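Let's take a friendly walk through one protein model. Have a look at it below, and then we will visit a few spots one by one.

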Amino acid sequence: MGRIEALMGNPARDQCPGEILDMQALVSVRYYSFDGLLHEGRILVDRRLALDISTVFAAIERERFPVMSAIPVADARIGWSDDVSMALNNSSGFNYRPITGGGTKVSAHALGQAIDINPLLNPYVSPAGVVSPPGAVRDVSRPGTILENSFLVKLFDEFGWEWGGRWTDRVDWHHFEKRL
Ligand SMILES: [Zn+2]
């Protein structure tokens with residue numbers, strides 16, 4: 001899938017300003033998945049964050065931190081649905097959509113300034129305790145779980161990204177963002 005295809009078919013595309021679409025870069029990444037094999041995927045992000053994402057995934061590959069998949073959400077299997085992407089444990093960046101849990105604040109994903117990693121292993125928990133994706137359980141002993149003292153969090157910290165795992169009103173273990 002090329003950059004143009006990765007931006008196609010978004011039902012909310014008409015509401016997305018052209019300058020945001022123009023800013024998105026498709027970053028090729030490699031990672032070991034849960035089958036133990038090296039895979040290639042793609043993450044759509046604000047091009048000013050492309051180097052951060054490349055560097056993070058180079059570390060993910062080197063450390064053999066397992067990532068399920070990195071399929072752009074424009075893929076027919078996902079169809080721009082964050083629910084489907086999360087249920088597949090898929091890692092992704094740009095998606096023009098409202099913030100998880102409703103509200104009017106636009107998600108950093110809508111700007112391509114956020115990435116979700118292994119959401120099924122690192123769920124979002126709302127202030128009311130509702131878990132997304134449904135049925136997801138965080139088990140710190142499982143490979144692919146994002147931990148406070150991990151190379152992954154340290155690297156994102158170094159690059160000035162914010163980790164949803166440290167939020168206090170709600171917690172979003174799979175989410176990293178860097179608003180520019
Ligand atoms: Zn997210």
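A residue counts as exposed if 12 or fewer other C-beta atoms lie within 10 Å of its own, as buried if there are 20 or more, and as partly exposed in between. Keep in mind as you read that this is a predicted model.

**Two residues in one loop**

With that cut-off in hand, try Arg64: it has 11 other C-beta atoms within 10 Å, so it is exposed. Arg64 sits in the loop between helix H3 (50–63) and helix H4 (82–87). The loop between H3 and H4 also holds Trp80. What about the surroundings of Trp80? Here 19 other C-beta atoms lie within 10 Å, so Trp80 is partly exposed.

The backbone angle phi deserves a look in this loop too. For Arg64, phi is positive, in a residue other than glycine. Trp80 also has a positive phi and is a residue other than glycine. The values are set out here:

| Residue | Phi | Other C-beta atoms within 10 Å |
|---|---|---|
| Arg64 | near 55° | 11 |
| Trp80 | near 65° | 19 |

**A sheet of three strands**

Now turn to the strands. In what order do the three strands of the open sheet come? The order is E5-E4-E7, and the pairing is antiparallel. Strand E5 (131–132) and strand E7 (171–172) each have a single partner strand and stand at the edges, so one side of each has no neighbour in the sheet. Strand E4 (residues 124–125) is joined to E7 by two bridges. If you would like to find this pairing on screen, look for Tyr124, which stands opposite Asp172 in E7.

**A cis peptide bond**

Next comes the loop between E5 and helix H5 (151–158), where you can find Pro133. The peptide bond leading from Ser132 to Pro133 is cis, and its omega is near -5°.

**A buried phenylalanine**

Our last stop is Phe176, a residue of strand E8 (residues 175–177). Is Phe176 buried or exposed? With 27 other C-beta atoms within 10 Å, Phe176 is buried. Which residues is Phe176 in contact with, leaving aside its neighbours within four places in sequence? They are Ala114, Ile115, Phe156, Trp161, Glu162 and Trp163. You can also check one distance for yourself: Val153 is 23 residues away from Phe176 along the chain, and the C-alpha atoms of these two residues are 8.9 Å apart.

How values were computed
Residues are numbered from 1 along each chain as its sequence is written. This is a predicted model: local features need pLDDT of at least 70, side-chain atom pairs count only at pLDDT 80 or more; totals for chains, interfaces and linings use all residues. Two strands pair if DSSP finds at least two bridges between them. Helices (H or I, at least four residues) and strands (E, at least two) are DSSP runs, numbered from the N terminus. Two residues are in contact if their C-beta atoms, placed from the backbone, lie within 7 Å.
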